[in-house]
Amino acid sequence: MSDHVVPHFHNDTGVAVIEIGSREFMCVGANPPFDHPHVFLDLGDDGEIICPYCSTLYRFAADLGPGQSRPPECVVRDKAA
């Protein structure tokens, strides 16, 4: 099993841009039960990408750590604890 965890982000707040510190991630649209198919997105060498399902613009921010976002509430948190 891999130690690499792909961060998940949502846009429940409906912001126009989510800045993230990861180049590979999953967009879930909104938190369940209002989520769309969870889509893997890879920025590659680009600085931004638009989710094909919810049209959220994700922008890479080098000052953020992997799995962090601005606004911070857009990170999907594991509810199992």
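Author: A polar contact is a pair of N or O atoms within 3.5 Å, where one must be able to donate a hydrogen and the other to accept it. Keep that in mind as we walk through this predicted model.

Reader: Happy to. What makes the link between the side chain of Ser69 and the backbone oxygen of Pro71 a polar contact?

Author: The side chain of Ser69 reaches that oxygen at 2.7 Å. The cut-off is 3.5 Å, so the pair counts as a polar contact.

Reader: Why is Ser69 called buried?

Author: Buried means under 20% relative accessible area. Ser69 has 6%, so the word applies. Ser69 lies in strand E7, residues 69-70. Leaving aside neighbours within four places in sequence, Ser69 is in contact with several residues, among them Phe9, Ile18, Leu64 and Val75.

Reader: How do you know that strands E2 and E6 pair?

Author: Pairing takes at least two bridges. Four bridges join E2 (residues 17-20) to E6 (residues 57-60), so they pair, and they run parallel. Val17 stands opposite Leu57 in E6.

Reader: And what makes E5 and E6 a pair?

Author: Three bridges link E5 (residues 48-50) with E6 in the antiparallel sense. At least two are needed, so these strands pair as well. Glu48 has Arg59 as its bridge partner in E6. Six residues sit between the strands of this hairpin, where Ser55 takes a positive phi near 65°.

Reader: Which residues does UniProt give for the zinc finger domain?

Author: The unreviewed entry places "Zinc finger CHCC-type" at residues 23-58. In the model that span is 0% helix and 36% strand, and its end C-alpha atoms lie 10 Å apart.

Methods. Residues numbered from 1 in each chain as written. Predicted model: local features only at pLDDT ≥ 70, side-chain atom pairs only at ≥ 80, totals over all residues. Heavy atoms only, no water. UniProt positions renumbered as here; feature names shortened; annotations may be inferred. Buried < 20%, exposed > 50% of the residue type's maximum accessible area, 1.4 Å probe, protein only. Contact = heavy atoms within 4.5 Å.
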